[in-house]
Amino acid sequence: MNIEQQIQQAVKAAVKTLYGADIEESSVQLGQTRSEFEGQMTVVVFPLLKASHKGPEQTGSDIGQYLTANLADVVASFNVVKGFLNLVITSRCWVQLLQDISQTEHYGFRQPTADSPLVMIEYSSPNTNKPLHLGHVRNNLLGSALARIVEANGNRVVKTNIVNDRGIHICKSMLAWLKYGNGETPESSGKKGDHLIGDYYVAFDRHYKEECQQLAAQYVAEGMDAEAAAERAKQEAPLIKEAHAMLVRWEQGDEEVRSLWRKMNEWVYAGFDETYRKMGVSFDKIYYESDTYLEGKEKVMEGLDKGIFYRRDDGSVWADLRPEGLDEKLLLRSDGTSVYMTQDIGTAKLRFQDYPIDKMIYVVGNEQNYHFQVLSILLDKLGFKWGKDLVHFSYGMVELPSGKMKSREGTVVDADDLMAKMVDDAYQMMQDMGKNDDLSDEEVREIARKVGLGALKYFILKVDARKNMLFNPAESIDFNGNTGPFIQYTYARIASVQRKAKEAGISMQPASADGLSLEEKEINLIQRLRQFEPVLRQAGTDYSPSGIANYCYDLTKEYNQFYHDHSILHETDQQKQQFRLLLSQTVAKTLRDAMGLLGIEMPERM
RNA sequence: GCUUCCAUAGUUCAAUGGAUAGAAUAAAUCUCUCCUAAAGAUUAGAUUCGGGUUCGAUUCCCGAUGGAAGUACCA
């Protein structure tokens, strides 16, 4: 039984004996003592006043006395400040706790079993017409971190990706490539496939814009007012008409269009795979919209038969969600083609066929909150048992100082470029600091890779996912302060101490704890280590990678203070030295586990 | 218009309803004959406004103000 439970139980017993009242064990509010007071654990006595019918001070001291008398192994002494009962926990307890943590592999993790809930997490979900940018990076990092966190809380997890490989957007790239590409390929140009396709998407847009302007000018000359002319031009421009025609040919299965589509998608996938690999994200199962949209149609027709949906005179199919407080939602266009919602229904159907899903989590930006509100209702109506409480893990946008990223204005922060720049910066920094003297260039580059990506990942994951966040390309991402490298650096320092201890033949095995008196910072650290379990639980229920990131920072900060104040290898008291080595080792272990959940690798030196 | 989300130091971020709201950064200053100074320490700086619930509110509720997103036969 852990310290918290022992105290809670004892407080319950105290209330019973002292005041004759029954309280719930779990209702005993137990927190950590603030550093300015003596003690490590604090019982909040306010909620107990109803039972005691005494003042807070008196109640606190009654219970404190009971605890020191009846739980002397754990509670050494106490003090009461206002309504807070601060408890000093015995050193013996702390050392025991440290040993437990150090001996537990992946302390705080829960192993999934065969009958654990099956959670499917969808993330990434790119369009195949342009390369990944910083917004996708946030999505991918959040999704993969979330998958690890959910798994570490004892769930079976399937990571999935839905690729939006069909639709007007990819037709635009295809058309531009046919018109202006001169047969350019990734091989011929040396460009990454996704970047190549992205360039043609931009090219389409540029030419389309020109056409629109010319056409609009012509309409205005014919006497139309400017706004209407612009609107009309958008629809009547030859390029967009060609793109639509191409989409129709695609849907009809026109082999010429299909084979071009396959070829260009392959280029893009090769590019994506490289980006995913560098980012360190992966999937267990990938779905393609081109496979799922027909399933969606089928499912919608099924709903139509059951009377869940209705058909309008023009042939389009709708769901009436006004009873749910929402609007009517289109599910099939009047020409019978499917929309975004149709596809998601189809994907859900296929997934449910493939896996007995208990819970579905969609990692998708908050701009689609409404979509998922609707999807949840529709899936529920269609009989998916997990539809009703599907989780839309809705995250905020990444903004630039100039506002939103816009591909047209060239303000998009490219994922590949950014990762490369982070690694370069880390490499340059190592050069400048002369840290690479006895390392091969290859080793330095590997460390720079971990550090550069660690900085990027931590930068993104430490922020509450719900909130919009700011990225300033001019300032770049810091390597000092509350950053990934700060945590990695501390880890590398511990690794260094451990190497030296090993060379000197110093045992890291815990000696007897008898007579060992602990420093305040040592106790703080053990307490912090213990905290990892509740933090991980919380991160699992709140779906909060940032909770893990913040924990890593707090633990690191705490350790650095300890490291600064207390010597390890120079400590002459052997018992203390071994204890500190064990403590350091356990901090390193916990940091590796916790940062690992965020997908951040820890270098043994840097 | 309607719906949803957000609002904390100059800036970027924290805080299961708990004690004097924490960090980082930017500024000034100190600490390497000492286990890695990508570190540690000191000084100064913030809860948008008005109500309510509570022993206690940055946190929960209502209203106002400001910002973002959505409200497509786009995805």
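## RNA strand B and its surroundings

Helix α17 supplies the largest share of the surface near RNA strand B, with eight residues. This is a predicted model, and the helix in question covers residues 484–503. In total, 76 residues surround RNA strand B. The closest of them are Arg333, Asp464, Gly481, Tyr489 and Arg605.

Several other elements each give at least two residues to the surface near RNA strand B. Among them are the helices α14 (369–381), α15 (415–433) and α19 (545–565). Strands β2, β4 and β14 (469–470) also belong to this group. By class, the residues of the surface near RNA strand B comprise 30 nonpolar, 28 polar and 18 charged.

## Helix α17 against helix α16

Helix α17 packs with α16, which runs through residues 441–461. The two axes are 7 Å apart and meet at an angle of about 130°. An angle that is over 115 degrees but not over 145 counts as oblique, and α16 and α17 are therefore oblique to each other.

On the α16 side, the contact involves Lys450, Val451, Gly454, Ala455, Lys457 and Tyr458. On the α17 side, the residues are Gly484, Pro485 and Gln488. Sorted by class, this contact of α16 with α17 holds four nonpolar, three polar and two charged residues.

## Leu418 in helix α15

Helix α15, another contributor to the surface near RNA strand B, contains Leu418. Is Leu418 buried or exposed? Leu418 counts as buried because 20 C-beta neighbours lie inside 10 Å, and 20 or more is the cut-off for that class.

Leaving out residues up to four places away in sequence, Leu418 touches Leu134, Val413 and Leu456. Leu456 is 38 residues from Leu418 in sequence, yet their C-alpha atoms are 8.6 Å apart in space.

## The antiparallel sheet

Strands β2 and β4, both part of the surface near RNA strand B, also belong to an open sheet of four strands. The order is β1-β2-β4-β3, and the pairing is antiparallel. The edges are formed by β1 (30–32) and β3 (75–81), each of which pairs on one side only. Ignoring direction, neighbouring strands of this sheet are turned by 30° against each other on average.

Strand β2 covers residues 41–44 and β4 covers residues 84–89. Four bridges join β2 and β4 in the antiparallel sense. Which residue of β4 is the bridge partner of Val44? The partner of Val44 is Phe84.

## The parallel sheet

A second open sheet has five strands in the order β7-β6-β5-β11-β12, with parallel pairing. Its edge strands are β7 (285–288) and β12 (391–395), and each pairs on one side only. The twist from one strand to the next averages 25°.

Within this sheet, β5 (residues 118–122) and β6 (residues 156–163) pair in the parallel sense over five bridges. Leu118 stands opposite Arg156 of β6. Helix α12 (residues 289–305) lies across β6 and β7 and runs at about 65° to β7.

## Chain A as a whole

Chain A has 606 residues, of which 40% count as buried. The chain holds 20 helices and 14 strands. Its C-alpha trace spans about 95 × 65 × 50 Å along the principal axes.

Contacts in chain A between residues at least 6 apart in sequence were also sorted by separation. Of these, 73% join residues at least 24 apart.

Conventions:
Residues numbered from 1 in each chain as written. Chains lettered and ligands numbered in written order. Predicted model: local features only at pLDDT ≥ 70, side-chain atom pairs only at ≥ 80, totals over all residues. Pairing = 2+ DSSP bridges. Axes fitted to C-alpha atoms, helices over the stretch in contact; angles between N-to-C directions. Near = placed C-beta within 6 Å. Nonpolar A, V, L, I, M, F, W, Y, C, P; charged D, E, K, R; others polar. Parallel < 35°, antiparallel > 145°, perpendicular 65-115°, else oblique. Contact = placed C-beta atoms within 7 Å. Buried ≥ 20, exposed ≤ 12 C-beta atoms within 10 Å, placed from the backbone.
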